[in-house]
Amino acid sequence: MADITKTKPEDRVPRGGRGRRNKPPGDAPEPGMDGQESLELTEKVVFINRSSKVVKGGRRFNFSALVVVGDRRGRVGIGLGKASEVADAIRRGGELARNQMVSVSLKDATIPHEVFCSYGGADILLRPASPGTGIIAGRTVRAVLEAAGLKDVLSKSLGSNNAANVVKATLKGLLSLRLREDIYKGRGLAMKKAETPKTPEAVPATA
């Protein structure tokens, strides 16, 4: 008969829990392949369209998903994924959006100047706003602005309500933004620093 050895309770190795229970609060994000912290990308599905095709055995459905991806730090991308299933269409749209991310010029939490842009039948007007205003926009325009990292913007859609055209018009408007430093640098001019006004000196009273 084989000998059976019993382990004492204090000699047992504690088993690790599953999920987030065994992680201490406030853990930093895991580093990426290059050792740097991986940037968190926000992904939002703007619109899902369903199309059908009549075949001999019935109808065949296809889905297209319009996805917006951004890092909330000035980089944003859009992608249109198509597949026979909704989940596959969203996944493909997210991959396309990540591969097509571009950088836009921001000024703090708003845009540097007013811009009006058109794409197809969609016309989008973007205006800078004072701190605390928030994003005044519809659902489609808001998705692009929030993904880019904007917090105070006034917008108005003046044309078509087609989600794909509105998203592309908004991104086109953001790409046309230019900072004052870039304009001066392109023209070969040096920016002049605004001088602070000096306080007048007090004149001594004469007896």
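This section describes the nonpolar cores, the helices, a sheet and the salt bridges of a predicted model.

The largest nonpolar core holds 28 residues, of which Val68, Val76, Leu126 and Leu174 touch the most other members. Two or more residues of this core come from each of the strands β2 (58-70), β3 (75-83) and β6 (122-128), and from each of the helices α2 and α3 (163-175). A second core, separate from this one, consists of 8 residues, including Val67, Val69, Ala97 and Met101.

The surroundings of valine 68 can be given in detail. When residues up to four places away in sequence are left out, valine 68 touches Thr42, Glu43, Lys44, Val46, Val76, Gly77, Ile78, Ala143, Val144, Ala147 and Val167. Val76, one of these contacts, is also among the core members that touch the most others.

Helix α2 spans residues 139-148, and 7 of its 10 residues are buried; the helix is therefore largely enclosed by the rest of the structure. The buried residues of α2 are Thr140, Val141, Ala143, Val144, Leu145, Ala147 and Ala148. Among them, Ala143, Val144 and Ala147 are in contact with valine 68. Arginine 142 and glutamate 146, by contrast, are not buried: arginine 142 is partly exposed, with a relative accessible area of 28%, and glutamate 146 is partly exposed at 23%. The side chains of these two residues meet in a salt bridge, with an N to O distance of 3.8 Å. Both residues belong to α2 and lie 4 residues apart, about one turn of the helix. In general, an α-helix has 3.6 residues a turn, so residues three or four places apart point the same way. After α2 comes glycine 149, whose phi is positive, near 105°.

The structure holds 5 salt bridges, and helix α1 (residues 86-99) provides further examples. Arginine 91 forms a salt bridge with aspartate 88, at 3.9 Å from N to O. These two residues are separated by about one helical turn, because they stand 3 residues apart in α1. Arginine 91 also forms a salt bridge with glutamate 95, where the closest N and O atoms are 3.4 Å apart. Glutamate 95 and arginine 91 are 4 residues apart in α1, again about one turn of the helix. Asp88, Arg91 and Glu95 are thus linked in a network of salt bridges. Each member of this network counts as partly exposed: the relative accessibility is 29% for aspartate 88, 42% for arginine 91 and 39% for glutamate 95.

Helix α1 also contributes to a nonpolar patch on the surface. Valine 86 lies in this helix and counts as partly exposed, at 31% relative accessibility. Together with Val45 and Ile48, Val86 forms a surface patch with about 190 Å² of accessible area.

An open sheet is formed by 4 strands in the order β5-β6-β8-β7, with mixed pairing. The strands at its edges, β5 (115-119) and β7 (135-136), each pair on one side only. Strands β5 and β6 run antiparallel and are joined by 5 bridges. Phenylalanine 116 stands opposite leucine 125, a residue of β6. Strand β6 connects the description of this sheet with that of the largest core, to which the strand gives two or more residues.

Technical notes. Residues are numbered from 1 along each chain as its sequence is written. This is a predicted model: local features need pLDDT of at least 70, side-chain atom pairs count only at pLDDT 80 or more; totals for chains, interfaces and linings use all residues. Side-chain values use heavy atoms; hydrogens and water are left out. Patches are made of residues with over 30% relative accessible area and no salt bridge: like charges are joined within 9 Å, nonpolar side chains (Val, Leu, Ile, Met, Phe, Trp, Tyr) within 5 Å. Accessible areas come from the Shrake-Rupley method with a 1.4 Å probe; for residues, only the protein chains shown count as cover. A salt bridge is a side-chain nitrogen of Lys or Arg within 4 Å of a carboxyl oxygen of Asp or Glu. Buried means under 20% relative accessible area, exposed over 50%, partly exposed in between (1.4 Å probe, protein chains only). A nonpolar core is a set of buried Ala, Val, Leu, Ile, Met, Phe, Trp, Tyr and Cys residues joined through side-chain atoms within 4.5 Å. Contact means heavy atoms within 4.5 Å. Two strands pair if DSSP finds at least two bridges between them.
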